[in-house]
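User: I should like to understand how the descriptive terms applied to this model are justified. Please set each value against its definition.

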Amino acid sequence: MKTFKGNAATAVALLVAVCVLSFLSAQSFLAMREPDPVKPSEGFVKRMLSDWFEPLEGTPADTPVYVQDSGVPGGTVMIMGGTHPNEPAGTMTAIIYLERARVTKGKLLVIPFANMTAMGHNSPQEASPQYFHLDVPGGTRWFRYGSRASNPVYQWPDPDIYIHAQSGQQLAGSSKSNLNRAYPGVKDDALTQQVAYAVIQLLREEKVDLAFDLHEASPEYPVVNAIVAHDRAMELAAMVSMELEMGGVPMRLEPSPVNFRGLSHREWGDNTDTMAILMESGNPSQGRLRGRTDEALVLTGEDKAYLKAAELGRLFIPYEGDQPLDLRTARHVEAIKLFVEMLGDVKEGGAVEVENIPSYEEMIESGIGAFLLPLSDDRFDGK
Ligand SMILES: [Zn+2]
């Protein structure tokens, strides 16, 4: 009897402990659905992706699209981050343009969080941090470190094999939740496929001349520190990569493979008139060789195993012990700046002018946070 009572007390205590732990982890899990506050610079108008594909309205996958039209005739450029929210230099580059850009010719569209549901959770078994923080003048800002895949709460289960609708190409089932395998999208399929469909509608309707999909990749992956360009964007991309090399920013140039379907650099170019560009920087916090995965790794890229791999010649980026988010973001920002500057040279009437973007050197020197407003700023309404 005594033993039974003891067991019952232990069981109740364990049950209570499990309930408390479940409650706490649920709180932290759900908190990730809170969007990162951003402060668009003056002139941006906030729209939603569902404006180009109405069925997305009210779904968790709908995402802001910020539009700044200078009113001066010119071209249209789109900058998209957050296709893979565990590749933060992509998202931060879009945010730098969103919070800084002053467009004086043509039009600029910025989508900071392309796969909104992927922003709201972490990849299982990767031990990634949920957030990272940046020092900004007079405070700190938080940003989510999300997952490569759409949130399974809204799209589950993945099939055993993902069949790309337009080509019949077969990929692992998990690719169904990867926005960058979903283009040109399917309007009556899962949310990821609908988002891809909506992005294609936007590129067409807005007649976007030049469009960027911003990524990061593992330092041991060959396509890193690279521009991947659709056929029609190759000439411009070659000019930009030469200019970057001359400025001391080594950048590979890769043609978009014709047979690899579903990716932005291929399908945006094939299904719309845009010049499609995907860019990759080297992010140790998503690589397979990494050790402890925490906020510090996201921010600094410092990792002993990567240093060893670099010494053994196994990496595709120059690596001397770190690879800061500031550097990775500065690479993307600088490359976009050159693309935009040269757009008018290759496309008649396509010139776009964007001012107030920090230089590569400034971002390395002061960190990208130096160019963002604190949340406490009066101008910051978080919308
Ligand atoms: Zn990616």
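Analyst: A residue is called buried under 20% relative accessible area, exposed over 50%, and partly exposed in between (1.4 Å probe, protein chains only). This is a predicted model, in which local features need pLDDT of at least 70 and side-chain atom pairs count only at pLDDT 80 or more, while totals for chains, interfaces and linings use all residues. Residues are numbered from 1 along each chain as its sequence is written, and side-chain values use heavy atoms, with hydrogens and water left out.

User: Why does D189 count as partly exposed?

Analyst: The relative accessibility of D189 is 30%, which lies between the bounds of 20% and 50%; D189 is therefore partly exposed.

User: What makes D189 and K176 a salt bridge?

Analyst: The term requires a side-chain nitrogen of Lys or Arg within 4 Å of a carboxyl oxygen of Asp or Glu. The closest N and O atoms of D189 and K176 are 3.0 Å apart, so the pair satisfies the criterion. Both residues lie in the loop between β9 (170–172) and α4 (191–205), 13 residues apart; helices (H or I, at least four residues) and strands (E, at least two) are DSSP runs, numbered from the N terminus.

User: Is K176 buried or exposed, and why?

Analyst: K176 has a relative accessible area of 16%; because the limit for burial is under 20%, K176 is buried.

User: How do you know that E126 and R288 form a salt bridge, and where do they lie in the chain?

Analyst: Their side chains meet at 3.0 Å, N to O, so the distance falls within 4 Å. E126 is in the loop between α3 (116–119) and β6 (131–136), whereas R288 is in the loop between β13 (275–282) and α7 (295–300); 162 residues separate them. A network of salt bridges links E126, R288 and R290, and the structure holds 16 salt bridges.

User: Why does R288 count as exposed?

Analyst: With 58% relative accessibility, R288 is over the 50% bound and therefore counts as exposed.

User: What is D294 paired with, and why does D294 count as partly exposed?

Analyst: D294 forms a salt bridge with R292, the closest N and O atoms being 3.1 Å apart. At 24% relative accessibility, D294 counts as partly exposed, whereas R292, at 71%, is exposed.

User: Why does V12 count as exposed, and where does V12 lie?

Analyst: V12 has 52% relative accessibility, which is over 50%, so V12 counts as exposed. V12 lies in helix α1 (residues 2–31).
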